[in-house]
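Please take a moment to look over the sequence and the model before reading on. The paragraphs below lead through them step by step, beginning with a term that is needed throughout.

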Amino acid sequence: MPEGGPKTSPAEATSASGDYGADQIQVLEGLDPVRKRPGMYIGSTGQRGLHHLVYEILDNAIDEVQSGFAHTVKVEMDLSSGWVTISDDGRGIPTSIHPQTGRSALETVLTVLHAGGKFGGQGSGYSVSGGLHGVGISVVNALSEELHVTVWRQGKEYQQTYRQGQPVTELLESKLPGKVAKKSGTQVKFLYDKGVFTKGLTMDPKTIRTRLQELAFLNSGATIWFRALETSSTHVSSNGSGPHDEPDWEKLHFEGGLCEYVKYLNRDSHPMHEPIFVSDKVDGVVVEVALQWCSDTFSDLLIGFVNSVKTIDGGTHIDGLKAALTRTLNTLARKAKTLKENDANLAGDHIREGLSCVISVKVPEPEFEGQTKTRLGNPEVRKIVDACVAKGITETLEMDTATLNQILGKAVSAWRAAEAARKARELVRRKSVLTKSTLPGKLADCTSTDKALSEIFIVEGDSAGGSTKQARDRQYQAVLPLRGKILNVERKDDAALYKNNEISNLIIALGLGLKGEEMPNLRYGKVILLTDADVDGAHIRTLLLTFLFRYARDLFDKGHVYVGVPPLYKLEVGRTSQYLYSDAELAARTQGLSQGSYTVQRFKGLGEMMPEQLWQTTLNPATRTLKRLTVDDAAAASHLFAMLMGDKVEPRRALIQAHGASLALEDLDI
């Protein structure tokens, strides 16, 4: 060996000077990977990821319910401090020493990734579960500033405290008094780490409550209690008093299960029949489906769950459901002579028009795509659901010909409406693939063809359109003025939609293609709704949102839809001026100023603003305010649009009376 020791490779020798060497390979241990890359485990560090922390702990409690060991779940949110407490009356996390780690099983599942009782197989603690990767509670622990866990088990109470995933106390053990000696369960109280998540982010109690309501529908034998506190509060004491003694706890319990869930979804529509319920168990897979068609809706709503976890991106259970519905109802239509021998089959979209459906499957070993469990991948589940739904629908509707005829009548009407719209749709298709010269005449397009950089402002009227066209950056900002209020698509079928000139212009200008299809020709990365800050502007914005949601929901799912926020006032004090966006902001800025020492200009519409003002306040990416609209809960959004824009007056009147002038854009929660 040469003098001076072993030779070093060139790569290793230069690593200290900034090149890539072995000493720069990082090995993350314990929960470090979670804190380093939280998005890998909870989807994002935005509000959706923040809520996912609650769902991970909640899934564990519901797993105890599904296994028959728990009946009550309590969730408390302290909105002022950010603490969340979730408890159940299940078996309690085991606390004895784990043979592999040498630590308590409780500390093991809280500090070791992929440690849990839900991996299936011989000796598994659960037959079915929503949490299956063994990372749920440990991820919550890693992303919490502080976490307290309490376990009641075998006549004892165990407590331990953690900070940022690390235990700061030993596992404390005490004997339960005689009157609660049989108490069992787990309580997890955590405070999310504000350094991990987007600054200023808070949890939304409405979103959490919606999830709890879903779980109560899915688990009809369980009772879920919920409350959101504005100020710090202690928990219910252990002196025997329960949450039913507290007036601020809300009880969520639904004996009717999925049938009650579907009725709830259709509460502001016109159902054609009582819910159809189908259930079966094949090879350990439990399938439950509730279906109900409505006469006054032109879209469908299919919501899927696997082991009580919502699969917002669908999966094999949804695929099996759709296939069974299409095949079975076409077969029944031919038996009933609704379809003649030479008639083509009804398409799945026609059959599902007006349908609200909830499907819940319980799978012993689910294959979710990703840790956030948004899509089911088990191929065998598709066949099981298909067979179960086909059998159940056939047996039910062959015995209830009146309901069958109503459903088939609705489907045939949908088919006829689609045929009436076919020519208009083909016109849209032809125009969409032609050159730029076929774009709507009022569209002032941008010069850039890069979708990632391009954005379009949809404005109301020629006056606002003229100001916006003058103010914009022509390179990447396009403007499309609308003539008046567009068609309310909530009350129209596809035939009327495609024949409407303003709707057709929107479809062509944006490059949306046909309803419900993929959007490979989408022309802009940002679709920005820019309307006046008055009642008419709010109505036009709602009409536009209804159209986009019903026609191309992917725009929301992929983050393309925004709302521009123009100023309401220009405040001038001496030689300084500033733009204000609300009455509250104006009141705050003028407080203490003497009368006559300032002037206020109220902008009634975009057309009143000078192009330079409009650019600085509303169009300039460096100074403007944009609100991105997403749809976290499709069922709630669909119901809201139906209530706001449908033909039922009473629900809309009740909403207006309840919220009145306080109903702002944020309150729409879409």
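Helices and strands are here DSSP runs, a helix being a run of H or I of at least four residues and a strand a run of E of at least two, and both are numbered from the N terminus. The model is a predicted one, in which local features need pLDDT of at least 70 and side-chain atom pairs count only at pLDDT 80 or more, while totals for chains, interfaces and linings use all residues. Residues are numbered from 1 along each chain as its sequence is written, and side-chain values use heavy atoms, with hydrogens and water left out.

We can begin with a loop. Serine 308 is found in the loop between β12 and β13, and asparagine 307 has its place in that loop between β12 (301-306) and β13 as well. Most residues other than glycine have a negative phi. Asparagine 307, although it is not a glycine, has a positive phi of about 55°, and the phi of serine 308 is near 75°, again a positive value in a residue other than glycine. Are these residues buried or exposed? Buried means under 20% relative accessible area, exposed means over 50%, and partly exposed lies in between, with a 1.4 Å probe and protein chains only. Asparagine 307 counts as buried because its relative accessibility is 1%, and serine 308, with a relative accessible area of 1%, is buried too.

The strands on either side of this loop belong to an open sheet of 5 strands with mixed pairing, whose order is β10-β11-β14-β12-β13. Two strands pair if DSSP finds at least two bridges between them. The edge strands of the sheet are β10 (276-282) and β13 (309-310), each of which pairs on one side only. At one of these edges, β10 and β11 (residues 285-293) pair in the antiparallel sense over 7 bridges, and there phenylalanine 277 stands opposite alanine 290 in β11.

Another strand to follow is β7 (residues 185-192), of whose 8 residues 7 are buried, so that β7 is largely enclosed by the rest of the structure. Which strands does β7 pair with? Strand β2 (residues 83-88) is joined to β7 by 6 bridges, and the two run antiparallel, with threonine 85 standing opposite lysine 189 in β7. Strand β3 (residues 144-153) is joined to β7 by 8 bridges, also in an antiparallel run, and here valine 151 stands opposite threonine 186 in β7.

Glycine 68 gives an example of a residue outside the strands, since its place is in the loop between α4 (47-66) and β1 (72-78). Glycine 68 is partly exposed, because its relative accessible area is 48%. Glycine 68 and alanine 222 are 154 residues apart in sequence, and in space they are 9.7 Å apart, C-alpha to C-alpha.

A second open sheet of 5 strands has the order β16-β15-β17-β18-β22, again with mixed pairing. Its edges are held by β16 (477-482) and β22 (626-628), each with a single partner strand, so one side of each is left without a neighbour in the sheet. Within this sheet, β17 (residues 526-530) and β18 (residues 561-564) run parallel and are joined by 3 bridges, and isoleucine 528 stands opposite tyrosine 562 in β18.

Two helices can be followed alongside these strands. Angles run from 0 to 180 degrees between N-to-C directions, and axes are lines fitted to C-alpha atoms, for helices over the stretch in contact; contact means heavy atoms within 4.5 Å. Helix α15 lies across β15 (455-460), β16 and β17, running at about 170° to β16. Helix α16 packs on the sheet and touches β15, β16, β17 and β18, with a direction that makes about 150° with that of β17.

How do α15 and α16 pack, and at what angle? Helix α15 (residues 501-510) and helix α16 (residues 535-551) pack at an angle of about 60°, with their axes 12 Å apart. The contact is made by Ile503, Leu506, Ile507 and Leu510 of α15 and by Leu544, Phe547, Leu548 and Tyr551 of α16.
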